[in-house]
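Colleague: I'm new to this one, could you walk me through it?
Modeller: Gladly; let me put it up so that we can look together.

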Amino acid sequence: TTLVLQEMGLTVDLATDLDAALQWVEAADYAVVVCPGRADSSILEFGQRVRYLARETRLFVFAERGFDAVGLDEVGAEVLRAPVDVNALVSRLWPAPA
C-alpha cells in the first residue's frame, strides 16, 4: 500500500497505532488516511476522530475477514475488503490530490 501511494505522488507517513495516527492527522493536511480494519480494533471511533480533525480527508479501511464495518459509512469511510487488488486501490484513490 505504501509503495502504491508513493507511486501516485502522495507522501506517506506511518503510525504504529491509532493514537499516533490521530496525532499525525491533527498535525498535517492529508488527502488520504488508510487504516487497518481488524475485528478487535476501534476503527469507528478512529473514523469519527479523523472526521472531526480533517473533514475533507478521504478515509480508507482495509478490512480483514470478520471486520464489522457498521457505522463507518456515517463518517464517510470507504471500506475495502481483503485481499485488496492494487488496480482497484489505484482506481479508488485516483485522482487524489498530492
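Modeller: Before we begin, a term for the strands: two strands pair if DSSP finds at least two bridges between them. Please also keep in mind that this is a predicted model.

Colleague: OK, so which residue in β3 is the bridge partner of Leu59?
Modeller: The partner of Leu59 in β3 is Ala77, and β2 and β3 (residues 77-81) are joined by 5 bridges and run parallel.

Colleague: And how many bridges join β1 to β2?
Modeller: There are 6 bridges between β1 and β2, and these strands run parallel; one bridge links Val32 with its partner in β2, Arg58.

Colleague: Is β2 largely enclosed or not, and why?
Modeller: Of the 6 residues in β2, 5 are buried, so the strand is largely enclosed by the rest of the structure.

Colleague: Switching to helices, which residues of α3 are buried?
Modeller: In α3, which spans residues 43-53, the buried ones are Ile43, Phe46, Gly47, Val50 and Arg51. Looking down the helix axis, these buried residues fall within an arc of 135 degrees, so they line one face of α3.

Colleague: What covers them?
Modeller: The cover over the buried residues of α3 includes α2, β1 and β2 (58-63).

Colleague: One last thing, is Asp29 buried or exposed?
Modeller: Asp29 counts as exposed because its relative accessible area is 77%, where exposed means over 50%. Asp29 sits in the loop between α2 (18-27) and β1 (32-37), and its C-alpha atom is 9.7 Å from that of Leu53, which is 24 residues away along the chain.

Notes: Residues numbered from 1 in each chain as written. Predicted model: local features only at pLDDT ≥ 70, side-chain atom pairs only at ≥ 80, totals over all residues. Heavy atoms only, no water. Helix = DSSP H or I, 4+ residues; strand = E, 2+ residues; numbered from the N terminus. Buried < 20%, exposed > 50% of the residue type's maximum accessible area, 1.4 Å probe, protein only. Arc of directions from axis to C-beta. Contact = heavy atoms within 4.5 Å.
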